[in-house]
Amino acid sequence: MFDEIERFITQTKLRELRKQHHQLLESYDNLSHKIQEAEDDENRLRLLYHGLRALTFAKQPLHPDVANLEVILHEIDTHRISPEILTFWHTQLEQELARGRLRSEFVYLFGALLEEWALQNEDNTPPDSKAVRDKFVQQAGHVAEVGAYETILDNLEFPKIQRQKAIKSKLRIPVEFHELEPILQQLSNDNYRTVVLRNQAQRVLLNKTLLREMTDTLTIMLNSLEDWAWTSTGLPAQAFWTRQKWRLFIQDELPTACLLEIIGNRWQNLFNWNISKKTAKNHNPLTSRGQERGSILDQRASILQKLRDLNQLNGYSNEEYQTISIMETALMLIHAEIQIARAAFPKQPLYVVKIDLKDFYPSLSHEVLLTTLARFGVQERELDFFKRFLRIPIQDDNVQIMQRGVPNARRLSHFLGELVLRLLDQHIQQAAQVQVIRLIDDICLLTPSAEGAVTAWQAVQTFCDAFGLAIKKVWCGVHWW
């Protein structure tokens with residue numbers, strides 16, 4: 001968390017960054033315009049060189065790595081420069097101009113996120129984790145209030161999963177090493193699991209005999225899944241500060257953790273196979289043309305598919321171990337879409353709406369989740385397992401049964417939450433011509449229409465009211481060009 005001095009420094013710099021953002025982009029645009037109007041390549045190179053050297057932020061040069069080209073400019077003045085050298089340096093400076101514009105956008109986007117974090121933590125006295133934990137447990141003990149969500153469901157498409165026999169063949173097959181090993185690896189690195197569980201996972205992972213015995217045991221548990229239930233004595237739960245907010249984590253034992261992660265992984269794969277193609281075709285009102293392999297549209301669809309790939313979400317809670325996080329991928333796509341729209345339609349407005357849902361996983365209605373699964377064709381036998389999974393007993397003064405919400409950082413939770421959010425995507429795009437870029441409950445909407453932006457925002461509100469969810473309005477906003 002920020003202390004008082006760090007907070008003051010951060011907020012001062014972020015305010016300056018926000019103030020100078022538009023001015024900086026205007027400077028880049030003016031420079032690009034001057035270059036386009038230059039008479040010849042010699043003048044373009046001169047303009048690029050001096051223009052980039054002159055750009056500063058907080059009195060610091062923005063392009064300090066631009067080479068000193070005074071000798072090259074002298075060669076131009078004396079008409080002794082070769083076309084090859086002129087072309088080389090012109091290309092280098094054009095690339096530096098593009099990189100500078102890209103850096104300014106990224107700095108602004110990350111600065112805006114950091115500012116939200118700083119403002120959220122203005123009170124630097126951390127709340128007591130036990131008090132936060134007790135608050136979460138109390139909330140989980142109350143049934144979520146929902147509206148007429150089935151009316152919305154009636155208007156949405158539900159690609160049916162495969163026949164029940166096929167489901168059984170995919171969900172109840174024996175557990176193999178290649179399936180269990182990455183789960184054990186993830187559990188051993190999960191900071192929100194107990195030290196005991198992490199050490200046990202590492203021990204099994206490194207001992208081939210134990211690994212074989214664990215796969216056999218999990219296969220037995222899968223074959224008698226109808227008998228599985230949470231321990232009647234309840235599970236310990238603890239609140240952790242992670243990704244800018246407090247979250248509640250349950251603490252189960254290693255066999256149960258492995259079993260549920262395997263089941264979650266298999267359900268994820270089953271649903272990805274059935275509905276990924278449909279959700280990947282996310283309509284973009286800015287560029288709605290045919291899609292060729294390798295085209296911008298094809299690349300967009302590929303990235304959107306990655307953001308919606310449930311297997312990608314399994315590492316969302318441990319992004320510090322990834323070279324490029326899934327969040328960075330989402331930000332890169334948003335930036336690319338803004339740049340494409342501004343380049344393709346410079347005179348057409350572009351509205352970017354940022355929406356964040358409040359306490360998404362703890363707020364999920366069990367009734368909504370089970371109804372949604374049934375709409376997708378999940379049969380009663382499997383629904384019964386989900387009913388038992390959702391009713392988690394938490395150790396408290398008395399054992400408290402969860403009446404809403406799903407546990408954080410679990411494959412089954414990602415699976416259930418993503419099903420609801422895919423329905424939200426569909427509901428938004430039925431209401432308005434917008435492009436939806438979403439990573440879990442962080443939603444970005446892009447549209448050239450002010451009316452479309454308003455309609456999409458209203459659609460999100462309608463969906464949340466019906467499904468027992470809430471919008472975190474202090475973290476929402478709209479930006480336009």
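In this predicted model, a good place to start is the salt bridge between E418 and R438, whose closest N and O atoms are 2.9 Å apart. The two partners bring together distant parts of the chain: E418 belongs to helix α18 (residues 411-431), while R438 sits in strand β8 (residues 435-439), 20 residues apart. Both ends of this pair are hidden from the surface by the cut-off of under 20% relative accessible area. E418 is buried at 2%, and R438 is buried at 1%.

Salt bridges can also share partners, and here they join K130, R133, D134 and D396 into one network.

Why would such pairs form at all? Side chains of opposite charge can pair when their charged atoms come close. The structure holds 24 salt bridges, and two further ones are worth a visit.

Turn next to D77 and R46, where the closest N and O atoms of the salt bridge are 2.7 Å apart. D77 lies in helix α3 (residues 70-77) and R46 in helix α2 (residues 41-54), so this salt bridge ties together parts that are 31 residues apart in sequence. R46 counts as partly exposed, with a relative accessibility of 22%.

Finally, look at helix α17 (residues 380-390), which holds both D384 and R388. These residues form a salt bridge with closest N and O atoms 3.2 Å apart. Because they are 4 residues apart in the helix, about one helical turn separates them. What is the accessibility of each partner? D384 is partly exposed, at 33% relative accessible area, whereas R388 counts as buried, at 18%.

How values were computed. Residues are numbered from 1 along each chain as its sequence is written. This is a predicted model: local features need pLDDT of at least 70, side-chain atom pairs count only at pLDDT 80 or more; totals for chains, interfaces and linings use all residues. Side-chain values use heavy atoms; hydrogens and water are left out. A salt bridge is a side-chain nitrogen of Lys or Arg within 4 Å of a carboxyl oxygen of Asp or Glu. Helices (H or I, at least four residues) and strands (E, at least two) are DSSP runs, numbered from the N terminus. Buried means under 20% relative accessible area, exposed over 50%, partly exposed in between (1.4 Å probe, protein chains only).
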